[in-house]
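Dear colleague,

Please find the structure we discussed below. A summary of what was found in it follows, written for a reader who has not seen it before.

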Amino acid sequence: AAAFGIPQFELYVGGKDPFGVQGIPGSPPAIVVGPSINVPFDPQTRARIGRELFAIHRGTSILRTRDDATIAAIGVAACNIAKVPQNAPPLAVLAEVERLLRKAISGKVKGLLPDICRELVSSGQDVRGWSVAAMLSLQRASLVACGDATTVVAELSSIARERVPEVVAHDVRTHALLR
């Protein structure tokens, strides 16, 4: 945690996934680990904890729980709320995401949005492309935390460790991770 600039965090045990790890941003941030996780941590648990701590540090915790279209809609909705024009592809979930974001966002954050959104738009970055790159950054943090590429590739691809060799040869995300 200290390596990611997180001097302290709260630790909770619980959740529906017995081996799950979920980061929760806040002050202080929190980590929720499943009830079946024990110490010493196995490589998969170390990978997940590293990923979540990095996500908290970067402010990208939401990425693992939303699809690329929703992530893109959040970026577009934020720009719409900030009244920063942008060229965005049509997104089926945009109206709903924008409604929810308007409702959830504080006045203080709304005041910060224009500068952030102008920077986002001027970067020319495709929000979906950013989402994919940010997810790969989370996986790289997992790799650094556990030191076991097979564990991270299995998690990234949602496959058993034994199937990793067949995936490595053909999966673009795995190539990007290992590169």
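**Leu 120 and its surroundings**

Setting aside residues up to four places away in sequence, Leu 120 touches Gly 75, Cys 79 and Gln 125. Please bear in mind throughout that this is a predicted model. Leu 120 belongs to helix α4, which covers residues 107-123. Is this residue buried, partly exposed or exposed? Its relative accessible area is 30%, so Leu 120 is classed as partly exposed, the buried class being reserved for values under 20% and the exposed class for values over 50%. Leu 120 may also be set beside Gln 86: the two are 34 residues apart in sequence, and their C-alpha atoms are 9.4 Å apart in space.

**The largest pocket**

Helix α4 also matters for the description of the largest pocket, as it gives the most to the lining, with seven residues. The volume of this pocket is about 650 Å³. In total, 20 residues line the largest pocket, and those nearest its centre are Gly 59, Ile 74, Gly 75, Ile 116 and Trp 130. Gly 75, listed here, is also one of the residues that Leu 120 touches. Which helices each supply at least two residues of the lining? They are α2 (68-81), α4 and α5 (127-146).

**Ser 157**

A second residue to present is Ser 157, in helix α6, which spans residues 149-157. The relative accessibility of Ser 157 is 16%, and it therefore counts as buried, as the limit for that class is 20%. Apart from neighbours within four places in sequence, Ser 157 is in contact with Val 167, Asp 171, Arg 173 and Thr 174.

**The chain as a whole**

The protein chain contains eight helices and three strands. Read from the N terminus, the order is β-β-β-α-α-α-α-α-α-α-α, so the strands precede the helices. Along the principal axes, the C-alpha atoms fill a box of roughly 50 × 40 × 30 Å. Of the 179 residues in the protein chain, 38% are buried. Among contacts with a separation of 6 or more, 47% are between residues 24 or more positions apart.

The accessible surface of the protein chain is about 10,600 Å², and carbon and sulfur atoms account for 58% of that area. As for charge, there are 20 positive and 16 negative side chains, and the centres of these two sets lie 5 Å apart.

With kind regards

Conventions: Residues are numbered from 1 along each chain as its sequence is written. This is a predicted model: local features need pLDDT of at least 70, side-chain atom pairs count only at pLDDT 80 or more; totals for chains, interfaces and linings use all residues. Side-chain values use heavy atoms; hydrogens and water are left out. Helices (H or I, at least four residues) and strands (E, at least two) are DSSP runs, numbered from the N terminus. Buried means under 20% relative accessible area, exposed over 50%, partly exposed in between (1.4 Å probe, protein chains only). Contact means heavy atoms within 4.5 Å. Accessible areas come from the Shrake-Rupley method with a 1.4 Å probe; for residues, only the protein chains shown count as cover. Lys and Arg count as positive and Asp and Glu as negative; His and the chain ends are not counted. The place of a charge is taken as NZ of Lys, CZ of Arg, CG of Asp or CD of Glu. On a 1 Å grid over the protein atoms alone, a cavity is a set of points where a 1.4 Å probe fits but cannot get out, and a pocket is an open set with protein on both sides within 12 Å along at least five of seven lines; lining residues have an atom within 4 Å of a point. Grid points are joined across faces, edges and corners, and a volume is the space filled by probe spheres set on the points.
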